[in-house]
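I opened this notebook page to work through one strand and its surroundings, and then to step back to the whole chain.

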Amino acid sequence: MAILEVLNLEKHFENTMVLKDVSFSLEEGNALAIIGSSGSGKTTLLRCLNFLEKPDGGSIRVRGETLFDAASANVIKEKELRKKRLHFGMVFQSFHLFPQYTALENVTLAGKLLAQERSDFKQNKQAIYEEIEEQGNALLKRMGLSDRRSHYPHQLSGGQQQRVAIARALALNPDILCFDEPTSALDPELTGEVLKVIRGLAEQNTTMIIVTHEMAFARDVSDKIIFMDDGVIVEQGEPKQVIDHPREERTKQFLSRYAQN
């Protein structure tokens with residue numbers, strides 16, 4: 001059974017349709033890469049999945065639970081939005097780390113805030129915080145950043161900051177980890193650091209959606225590739241089929257342009 005099912009998703013900004021009848025599914029433990037030109041709708045799709053944008057049509061289901069259905073959608077309260085967003089961990093192009101907090105504090109902040117809603121928080125605050133910090137330290141170790149946990153963002157390289165952002169996204173144990181062009185703000189050397197981490201997550205069967213312009217990486221790491229253009233899914237399938245043997249003319253043109261750059 002698919003962990004994620006997206007059906008006929010639509011999104012418009014005023015009179016511009018940004019997503020048009022987008023449908024796809026993702027199996028648990030698989031990595032999905034989304035490719036396409038700037039403005040094709042890739043980032044908007046991720047933002048709709050994470051409810052940073054509200055879709056205007058279609059439905060989103062995770063583990064069989066309907067998170068959104070335009071046919072019956074009402075105003076979603078902020079507390080409900082927070083709960084829905086827990087299904088998706090987001091790693092953005094920009095690192096979005098809080099400059100006043102250390103690496104460890106950035107990783108544990110959301111968990112500590114959510115812990116305050118627990119019924120036993122007042123009685124067990126110290127133990128709860130210690131457990132969250134232990135998990136945070138383990139994630140930073142997993143990212144190769146144990147010796148940077150007390151450093152502030154300005155003391156970290158871009159690659160290190162993005163790895164902290166990945167640890168932060170993993171901290172809440174999301175069903176699906178989403179990356180929006182995670183290397184676009186990095187130089188080639190630091191890009192390699194981050195791609196190595198994502199490759200390791202794929203090898204550990206982490207369920208992921210990766211919006212990327214790294215074609216070779218997408219082909220090697222993903223189980224499935226979606227090519228988007230002008231708000232629609234033009235082609236989707238196994239990496240070798242989509243990248244090496246595309247069926248659709250728009251896919252061929254995009255890959256041809258990319259190869260020339």
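I began with strand pairing and found that 4 bridges join strand β6 (residues 88-91) to strand β7 (residues 176-180), the two running parallel; strands here are DSSP E runs of at least two residues, numbered from the N terminus, and two strands pair if DSSP finds at least two bridges between them. Before going further I noted that this is a predicted model, in which local features need pLDDT of at least 70, side-chain atom pairs count only at pLDDT 80 or more, and totals for chains, interfaces and linings use all residues. Residues are numbered from 1 along each chain as its sequence is written, and side-chain values use heavy atoms, with hydrogens and water left out.

Looking up partners across the pair, I saw G89 opposite L177 in β7, while M90 has C178 as its bridge partner.

I then checked the side-chain directions in β6: F88 and M90 point one way, G89 and V91 the other, and all are buried (under 20% relative accessible area, 1.4 Å probe, protein chains only).

Next I traced the sheet, which is open, has 6 strands in the order β6-β7-β8-β3-β9-β10 and is mixed in its pairing. Its edge strands are β6 and β10 (232-237), each pairing on one side only.

For the whole protein I recorded 9 helices and 10 strands, helices being DSSP H or I runs of at least four residues. The C-alpha trace spans about 60 × 45 × 35 Å along the principal axes, and buried residues make up 49% of the 261 residues.

Conventions:
Buried means under 20% relative accessible area, exposed over 50%, partly exposed in between (1.4 Å probe, protein chains only).
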